[in-house]
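Biologist: I'm new to reading protein models, and I would like a close look at one small part of this one. Could you walk me through a single loop and then show me how it sits in the whole?

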Amino acid sequence: MDILSKIKQPIEGELETLNQVIAQILSSDSPLLTQAVTHYLSMKGKQIRPILVLLTAKLSGPIRPETIYAAAAIELLHNASLIHDDVIDESKLRRGKATLNGIWDNRIAVLAGDYFVSSALRAALSTQQFSVIAILGELGRKLACGEMNQISVVAKKIIDETAYFKVIKEKTASLFMACTHIGAFTSGMPQEQVETLKGFGERLGICFQIKDDIFDYFATDELGKPTHTDLAEGKITLPLLYALTHTAGKEEEAMRTLALKPDLSTEEINRLTDFAIQKGGVTYAEEVMNRLRDEAVALLRPFQSSAATTSLQELFDYTLSRTK
């Protein structure tokens with residue numbers, strides 16, 4: 001049994017129900033839309049976000065129907081953002097399969113993404129809890145703000161760790177935090193526990209993005225995404241940020257000048273990635289993740305030991321150890 005299958009064990013039945021709910025909500029009388037939705041669902045990833053919702057709720061006992069619908073809403077909104085990201089990035093492949101805009105065109109992809117957003121709202125309404133809709137609405141705003149702020153940071157060539165963490169908290173960690181928020185809230189936990197689990201989700205989301213950023217420094221066919229694309233797009237992530245701010249003298253000046261240069265060549269990108277690795281940037285990023293992992297595990301201690309607490313801790317460890 002692989003690690004992810006073991007993590008999902010406490011919620012296997014609920015996860016199956018969740019996928020049935022998603023399929024039902026996405027059903028339509030449009031043959032073209034059905035074709036697009038069917039193709040997209042065939043690309044289904046690891047479903048880390050709904051797994052996080054369900055495991056969080058499981059901490060307080062049996063999972064309620066409203067939690068299932070809330071988890072479906074989160075997954076649908078997340079999928080909508082990925083579909084629209086593929087359009088923005090002009091990506092023709094995701095997880096080795098053709099994207100919607102790769103098979104059809106941007107019109108079909110954008111409309112399908114819009115349909116996923118509307119379906120997320122429909123799922124949220126099925127919970128009959130206004131707070132779930134409010135969480136989703138705020139999440140949508142944070143995701144958009146995070147992407148816009150990243151565009152601004154890239155355009156202004158800001159080399160600052162605080163700015164980096166602000167962006168990833170909005171564009172990635174906000175989604176993970178919403179997962180634990182919704183899972184805890186819909187299970188009826190007291191507010192103190194809800195806030196504690198939001199902290200767990202935020203730390204998991206930050207580590208998830210840092211790990212993705214680290215992947216970009218190493219060329220391998222196992223990662224499932226192009227490497228060195230961040231620097232090619234002008235994104236200066238944590239390993240290079242650390243190297244640039246912890247190196248002095250002419251070398252720092254030369255590397256900073258190179259990092260700020262537009263339209264980097266492959267050779268220049270390789271120089272910067274090698275510099276980041278040699279100066280301990282990747283090691284530093286891993287240390288940050290390990291610190292956040294320890295903080296997150298500490299947040300779980302007040303909860304009664306169970307299969308769900310074990311799976312949540314293993315989900316964090318899986319995030320840090322994954323290879324794609």
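**A close look at one loop**

Modeller: Happy to! Let's begin with Q47, which counts as buried because its relative accessibility is 9%, and the cut-off for buried is under 20%. Keep in mind that this is a predicted model. Where does Q47 lie? It is in the loop between α3, residues 31-42, and α4, residues 48-58. Leaving aside residues up to four places away in sequence, Q47 touches L15, L18, N19 and E75.

Now look at K44, which lies in the loop between α3 and α4 as well. Is K44 buried or exposed? At 46% relative accessibility, K44 counts as partly exposed, because that class covers values between 20% and 50%. K44 touches N19 and R95, again not counting residues up to four places away in sequence. N19 is also on the list for Q47, so you can use N19 to find your way around this loop. As for R95, it is 51 residues apart from K44 along the chain, and the C-alpha atoms of the two are separated by 9.1 Å.

From the loop, we can move to the interior. One residue touched by Q47 is E75, and helix α5 spans residues 65-89. The largest nonpolar core has 101 residues, and helix α5 gives the most to this core, with 12 residues. Which residues have the most contacts inside the core? They are L136, I210 and L240. L136 touches A73, I74, L77, A120, A124 and I182, not counting residues up to four places away in sequence.

Another buried spot to visit is S174, in helix α9, residues 161-186. S174 has a relative accessible area of 4%, so it is buried. Beyond residues up to four places away in sequence, it touches L139, K142, L143 and K169.

For contrast, here are two loop residues that are exposed. Q128 is found in the loop between α7, residues 106-126, and α8, residues 130-156. Its relative accessible area is 76%, so Q128 is exposed. D263 is found in the loop between α13, residues 249-259, and α14, residues 266-278, and at 74% relative accessibility D263 counts as exposed too. Their backbones deserve a glance. Most residues other than glycine have a negative phi. Phi of Q128, however, is near 60°, a positive value, and phi of D263 is near 55°, also positive.

Finally, let's step back to the whole protein. It has 16 helices and two strands. Its C-alpha atoms fill a box of roughly 60 × 50 × 35 Å along the principal axes. The radius of gyration is 20 Å, which agrees with the value near 20 Å for a compact globule, because that is what the rule gives for 324 residues. Of those residues, 51% count as buried. Among contacts between residues at least 6 apart in sequence, 75% join residues at least 24 apart. The protein exposes about 15,300 Å², and carbon and sulfur atoms supply 52% of that area. For charge, there are 35 positive and 41 negative side chains, and the centres of the two sets lie 2 Å apart.

Methods. Residues numbered from 1 in each chain as written. Predicted model: local features only at pLDDT ≥ 70, side-chain atom pairs only at ≥ 80, totals over all residues. Heavy atoms only, no water. Helix = DSSP H or I, 4+ residues; strand = E, 2+ residues; numbered from the N terminus. Rg over C-alpha atoms; globule rule 2.2 N^0.38 Å. Buried < 20%, exposed > 50% of the residue type's maximum accessible area, 1.4 Å probe, protein only. Contact = heavy atoms within 4.5 Å. Areas by Shrake-Rupley, 256 points an atom, 1.4 Å probe, with all protein chains shown as cover. Lys, Arg positive; Asp, Glu negative; His and termini not counted. Charge placed at Lys NZ, Arg CZ, Asp CG, Glu CD. Core = buried A, V, L, I, M, F, W, Y, C linked by side-chain atoms within 4.5 Å.
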